[in-house]
Amino acid sequence: MFKKYALVFIGSFFFQFNGFAQLNFVDRATELGIGVSCGDVPIGNGITFYDYNNDGWDDITLATQAGEPIRFFKNMNGVFIEETLNIPTNTSQMKQVNWVDFDNDGHLDVFVTSNASGNKLYRNDGNYNFLDVTIQSQLPTDNIKTYGASWGDYNKDGFLDVFLSNRDLAGVIPNYLYKNNGDGTFSNVSETAGILNTSNLSFCSAFFDFNNDGLQDIYVSKDRDSNKNVLYKNNGDGTFSDVSESSNTDLYIDAMSVTIDDYNSDGWLDIYVTNTPSGNIFLQNNGDETFTNVAVANGTDFGSIAWGAVFLDAENDMDLDLYVSGLLDGSNANFLSAAFYENDGFGNFTISTTGFVNDNRESYSNAIGDIDNDGFSDIVVSNADNDNIFVWKNETQSTNNWLKINLVGTQSNKKGVGSLIEISVNGVKQYRYTLCGEGYLGQNSSSEIFGLGDHDNVDYIKVNWLSGIEDVHFNVSVNQTLNLVEGEKLSSESYISSKPKIYPNPVLDVVTIENSKPMREIKLTNTLGQVVFSKLFVNHVTSTEIDISNLHIGQYILIVSSTESKHQQKLIKN
């Protein structure tokens, strides 16, 4: 059993509370071209919701069962098409697929873990031809029973290191930390770094900065209540110290997932750990190198058999909600197969009673991304028992604003992994931390989405990179995707609040669109990404009306293109 920690009531946080929208996630897997199964792998396998071809659309990659290859689904303007990449055939039983730029050349490589036949590292030559470089990289080629792989830069040299979580039932193989040497090879530094050399049945881990000292620490989940979870504090000299007991993170539970985020927007990263029916653990960061379990107090203990978990702002109302995957147990009719916990804006959660119809499959890994680039997070879930995956499309009727941020490192690693992003909206702050390989065998989109409520301007964006560089961008317009390059300023256009005015919204028949720049084209797409209305302009038009009375009631995406920018916004037809 885990240690008993004091439960505390979560008081009012400094959130902007915008009220609940009518939450609605709909499984659109079949309609979107990805009505497929990952097979039936014992205790599941991973799913990746990540833009692997850098075209601005989040793709889906599936780890599969023995006898099947990795499956790649390219996102084509909101609809998925399966494609075959030029990658060596791998039909082993897989656990996780990471898209990671391990050699820092700007091209995404592939790392695949397996608990049956060894891990594989495939290098991208820049033209999406992948070469098996596992042997050359000096990563282990034997089967070390790996489940999760997480990537971070613990020594801040600009190259991503990897922590391998190994679940060896024989009790022989420990976890490993491999240092990236920056020349295409890795070195096992577990012993010198102070990583425990005993087998602890680990599922996953996460690199994150728990004490805000600019160094990446590591938290590791361990299965079985005889093995403690471990928090490794980065000492800054290539070594780590086990601070599990002093930090109150030494959980003795059946720990599955490690999910990191700042749920109360206080600037300190929190940890959510899934568990068996004895209850999930929600470790609130106290800001003094200690944590307090608040799962019961804030309503997120689940009380069933939980696996993957992910934080997201479903309604873009400026607070983080929580989705948890699980499995049913015939011995207890009250067990949950999954739960969506809605944040009330003050850090208290309740299970949503709307959306997620038929979310009743045995589910394990999950991840978030944005299917149609509407700025609202969607969820994908890997299911067992040969059931198709879930593609939970966010069709919540909300016109709240948003901001998407991608990072491009120059001194730090290319994808900006390990960066802390802070934004301020009308004085209210939010934070996101960038990870690679997270949750239970998942990988989220590299785009960080911030919900902005009804605010139409962001006071500032601050990025603290692993290199130590701090970039601040002021007065940023909403409803756009920004690619922030380390050490560079945004172009002047990004500071102009040029969001189109669209009213009324929701609309019955005629909607008016006003834009600060001459419009070139207006398009409306439905939830499947299909264009249902388009209009081109040859004159310098900055205001127009369109009649959509003939369209079905529902949710659409309005895309307004000018010569200088493109903006997308949800439009609700009543």
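Me: Which element gives the most to the lining of the largest cavity?
Reply: This is a predicted model, in which local features need pLDDT of at least 70 and side-chain atom pairs count only at pLDDT 80 or more, while totals for chains, interfaces and linings use all residues. Residues are numbered from 1 along each chain as its sequence is written, and side-chain values use heavy atoms, without hydrogens and water. With four residues in the lining, the element that gives the most is the strand (a DSSP run of E, at least two residues, numbered from the N terminus) β22.

Me: How many residues line the largest cavity?
Reply: A cavity is a set of points on a 1 Å grid over the protein atoms alone where a 1.4 Å probe fits but cannot get out, and lining residues have an atom within 4 Å of a point. Asp-261, Phe-311, Ile-368, Asn-444 and Glu-448 lie nearest the centre of the largest cavity, and its lining residues number 24.

Me: Which elements give two or more residues to the lining of the largest cavity?
Reply: Among the residues nearest the centre of the largest cavity is Phe-311. The elements that give two or more residues to this lining are β18 (259-261), β22 (305-312), β26 (363-369), β31 (428-433) and β33 (448-453).

Me: Is Arg-28 buried or exposed?
Reply: Arg-28 sits in the loop between β1 (25-27) and β2 (47-50). Its relative accessible area is 19%, and because buried means under 20% (1.4 Å probe, protein chains only), Arg-28 counts as buried.

Conventions
Buried means under 20% relative accessible area, exposed over 50%, partly exposed in between (1.4 Å probe, protein chains only). On a 1 Å grid over the protein atoms alone, a cavity is a set of points where a 1.4 Å probe fits but cannot get out, and a pocket is an open set with protein on both sides within 12 Å along at least five of seven lines; lining residues have an atom within 4 Å of a point.
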